[in-house]
Amino acid sequence: MNTQNSNFQAPELYEESFRNSVGTMDETGKRKWVYPRKPKGKFTNYRDYVTYLLLAIFFTLPFVKINHNPFLLFNVIDRKFFIFGQPFYLQDFFILALGAVTSVIFVMLFTVVFGRIFCGWLCPQTIFMEGVFRKIEYWIEGDRNKQMKLDRQEWNSEKIRKRLTKWSVYAVLSVVITNFMFMYIVGYEEVFRIITEGPAENPLKFLAMISFTAAFYFVFSWLREQVCTLVCPYGRLQGVLIDKQTINVYYDFKRGENRSKWKKDEDRKAVGKGDCIDCNQCVVVCPTGIDIRNGQQLECVNCTACIDACDEIMVKVGLPKGLIRYATEAEIENQEKFKFTGRMKATTVILSLLIGFLGFLMYDRGSMEAKFIKPAGSTFFIKNGKITNTFIYTLLNKSNEKKTLTIRVLNPKNAEINFFGNEKIILKGDQILKGNINISFPEKEIRFSKQNMTIGVFDEKGNLVDSFDTVFEGPFQLVL
């Protein structure tokens, strides 16, 4: 925890401030329920726009198809993967591995410069908790004070009605979210089929859906902000990545201290008071219950609710906005205005290059993959002065287009190919085809017991779409 605030000078004050800053835990270590006030302001409006956009994408993408392929599908069970409508296979695992490494580097670099912007604006936990479930809670139970009053009162008709209504809506939403999540795994057609057939026909799948529904309900009705403060590793990762040049939501302690209650017509600077009027609105609006004035804390998800709350108060009392704002620690300490530094520019370029690299990997993976493997235990045979090997070919069309293919031996020359079927191979989009071929060479062409050979696959225009290096076997010859 950052201790640059002047309140942290005395150890006893530091200890007290630390306890008070952990908004979800009381002095005995037990959980303290957080009742955040409904936020409003410029940043809240921007976050709402982002939330609505991301929710629209989440609920729309499962039904979007490109060339009859799902736009996004991660069917781990059947090993079917589609990204931007393009099929990916186990043969493309290296792309996944490189993508994972690139993503880790991206997250680290992004956090070093831009802090936890992802947590406050893009994280699914934040999107659903603050953009959906919390809004429903405000709608049914009211704002902070009404929620606290409802929680304290006895279980009368009002409390039972409001709680049952909220829990029922939460349960329905959890079911909806679970079904859409499964659409990204098995496709919307399969989800609709499972629902139509009922639990009796698909007991395991229904059990999985019920389990995930219960997990969603538990997270958003009870666990809530503890996912961010205790469960999610990203907050802990932030603690070792941020430095004084990292952008975060900061309280300007040099401008705000010494904090004191507001008095009308008082010259606060003349009496040594800061701009913070100690209204605690930045605390009551925080969804994780922390006091941002105690310095940067791991529990802060950079949701900007405290910025809007503080700006509203500053306008009312006639003081400049920005007492709490996006800034770097160095800017606060040196009282400088925010500027897009050279480090930020360089990191942004690197992040853009990483995204471009991932895009290149996905685009340049090739539209065709061919393998030619000798059957286990097979060997060569000689007939009519020719040495013949049998190969099993596997052709994988990674594109959505039908292809007409031919097979030729690129090296060595003078090869003869005998097909067990038509030598023109027609392969539909996203199809795997297996077959057998015999490849023969005149005896004089094969000088080694194991001759390196390259087999090419060509499309209908004569373009080479893939090649495979293998070995052609022949009789052992003693070369003197």
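1. The buried residues of helix H2 (buried meaning under 20% relative accessible area, with a 1.4 Å probe and protein chains only) are Phe43, Thr44, Arg47, Asp48, Thr51, Leu55 and Phe58. Seen down the axis of H2, these buried residues fall within an arc of 135°, taken from the directions between the helix axis and the C-beta atoms, so they line one face of the helix. The face turned away from them carries Tyr49 and Leu53, which are exposed (over 50%).

2. This is a predicted model, in which local features need pLDDT of at least 70 and side-chain atom pairs count only at pLDDT 80 or more, while totals for chains, interfaces and linings use all residues. Residues are numbered from 1 along each chain as its sequence is written, and side-chain values use heavy atoms, with hydrogens and water left out.

3. H2, a DSSP run (H or I, at least four residues) covering residues 42–60, reaches 27 Å from its first C-alpha to its last, close to the 27 Å expected at 1.5 Å a residue. Its buried residues pack (heavy atoms within 4.5 Å) against several elements, including helix H5 (124–141), helix H7 (157–186) and strand S7 (324–327).

4. An unreviewed UniProt entry lists residues 46–64, 93–119, 167–186, 206–223 and 346–363 as "transmembrane region", although such annotations may be inferred rather than shown by experiment. In the model, residues 167–186 are 100% helix, with end C-alpha atoms 28 Å apart, and residues 93–119 are 93% helix, with end C-alpha atoms 29 Å apart.

Technical notes:
Helix = DSSP H or I, 4+ residues; strand = E, 2+ residues; numbered from the N terminus. Expected span 1.5 Å × (residues − 1).
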